[in-house]
Amino acid sequence: MNILFFGEVDSTNDIALELARGGHPHGTVIAAESQRKGRGRRGRIWHSPHGNNIYMSIILRPKLPHANIPLLTPLIAIASAKKIKEIAGLETSIKWPNDIMASGKKLGGILVEMRQGDPEAPIIVAGIGINVNMEQADFPPELNATSILMETGRKHDKIPLIEAISGEILFRIDRFDKESLISEWRGMLNMFGKEVKVVTPKDTLAGIALDIDENGGLMIRLADGAIKTILAGDVE
Ligand code: BTN
């Protein structure tokens, strides 16, 4: 595994995409101390101040069928949660599809971006942001966010976490198994039986979260009793 450490960058995803276009191999990791233009999902900004957090991106060239590519995001969330537990002793859950949560607040997020290169081997970059040593006062007040420090009361070294998370992601991609991934994901989602509002690319739906289906789609019961499965969206 090759980890390239940077100081301040615009976005580790941009660097990874550029290096991937230049031919850098599967498993190359880019980590930075801060980001000027950290990107979140749905066009949001990812707050990326200096020094306290993990900002990393991995170049992926997985040998997986196209249909399984969307499952890389939960795979990465599960791998990150597992290593946060092992190394920092913090139990986390996942908010569908892939927010890493602790005490009902956001601890980390995943942004997978794809660029068409060779049609047989698209360029995939998985960006991971984890709040590690942030204090409450370091967050903008409007963010419902937490950090490993805030949850455990201790500071944690970022490098072992970056190494372990990268290793776990690559290991899981090598041994990709859809059924066990879906069942592990189901066990980490903390929303079943609860009211949710889901923003999809087309509309916003409200209902009770029931389960995820065999492809990872979120099943919700709408007010009229109908059950709808949502393949892409965000739970608010
Ligand atoms: C989310 O909105 O939940 C996804 C956040 C992803 C943030 C990470 S930080 C490292 C990488 N570089 C970016 O610009 N974004 C991702």
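## Asp-10 and its surroundings

In this predicted model, Asp-10 counts as partly exposed, since its relative accessibility is 28%. The residue belongs to the loop that runs between β1 (2-9) and α1. Along the chain, Asp-10 and Ser-48 are 38 residues apart, while in space their C-alpha atoms are separated by 9.8 Å.

## The ligand and its shell

A total of 20 residues surround the ligand, and the closest of them are Ser-11, Gln-35, Arg-39, Arg-41 and Lys-106. Two of the contacts described here come from side chains: a polar side-chain atom of Ser-11 lies 2.7 Å from an oxygen atom of the ligand, and a polar side-chain atom of Thr-12 lies 3.2 Å from a nitrogen atom of the ligand. Arg-41 takes part through its backbone, with an N or O atom placed 2.7 Å from an oxygen atom of the ligand. Taken on its own, the ligand has 410 Å² of accessible area, and the protein covers 99% of it.

The ligand takes up the space of the largest pocket. Two or more residues of the shell around the ligand are given by each of α1 (12-21), β3 (54-60), β6 (105-118) and β7 (121-130). The largest share belongs to β6, which supplies four residues to that shell. By residue class, the shell around the ligand divides into 10 polar, six nonpolar and four charged residues.

## Strand β4, Ser-93 and the cis bond

Ser-93 is part of strand β4, which spans residues 93-95. With a relative accessible area of 16%, Ser-93 is buried, because buried here means under 20%. The side chain of Ser-93 makes a polar contact with the side chain of Asn-190, at a distance of 3.1 Å.

A cis peptide bond joins Trp-96 and Pro-97, with omega at about 0°. Pro-97 itself is placed in the loop between β4 and β5 (99-102).

## Helix α2 and Lys-82

Lys-82 lies in helix α2, and its relative accessible area of 34% makes it partly exposed. Lys-82 also offers a spatial link to Ser-93, as the two residues are 11 apart along the chain and their C-alpha atoms are separated by 9.9 Å.

## Positive phi angles outside glycine

Which residue has a positive phi of about 50° although it is not a glycine? Arg-42 is such a residue, and its place is in the loop between β2 (28-35) and β3. With a relative accessible area of 44%, Arg-42 is partly exposed, because that value falls between the 20% limit for buried residues and the 50% limit for exposed ones.

Ser-103 also has a positive phi, near 50°, and is likewise a residue other than glycine. Ser-103 is found in the loop between β5 and β6. Its relative accessibility of 59% is over 50%, and Ser-103 therefore counts as exposed.

## Exposed loop residues: Ala-67 and Glu-214

Ala-67 sits in the loop between β3 and α2 (72-88), where its relative accessible area of 65% makes it exposed. How far apart are the C-alpha atoms of Ala-67 and Asn-215, two residues that are 148 apart along the chain? They are separated by 9.2 Å.

Glu-214 belongs to the loop between β9 (204-212) and β10 (218-221), and with a relative accessible area of 57% Glu-214 is exposed. Between the C-alpha atoms of Glu-214 and Phe-171, which are 43 residues apart along the chain, the separation is 22 Å.

Methods. Residues are numbered from 1 along each chain as its sequence is written. This is a predicted model: local features need pLDDT of at least 70, side-chain atom pairs count only at pLDDT 80 or more; totals for chains, interfaces and linings use all residues. Side-chain values use heavy atoms; hydrogens and water are left out. A residue is near a molecule or strand if one of its heavy atoms lies within 4 Å of it. A polar contact is a pair of N or O atoms within 3.5 Å; within protein, one must be able to donate a hydrogen and the other to accept it, and residues adjacent in sequence count only if both atoms are side-chain atoms. Accessible areas come from the Shrake-Rupley method with a 1.4 Å probe; for residues, only the protein chains shown count as cover. On a 1 Å grid over the protein atoms alone, a cavity is a set of points where a 1.4 Å probe fits but cannot get out, and a pocket is an open set with protein on both sides within 12 Å along at least five of seven lines; lining residues have an atom within 4 Å of a point. A molecule sits in a cavity or pocket if more than half of its atoms lie within 2 Å of its grid points. Ala, Val, Leu, Ile, Met, Phe, Trp, Tyr, Cys and Pro count as nonpolar, Asp, Glu, Lys and Arg as charged, and the others, Gly among them, as polar. Buried means under 20% relative accessible area, exposed over 50%, partly exposed in between (1.4 Å probe, protein chains only).
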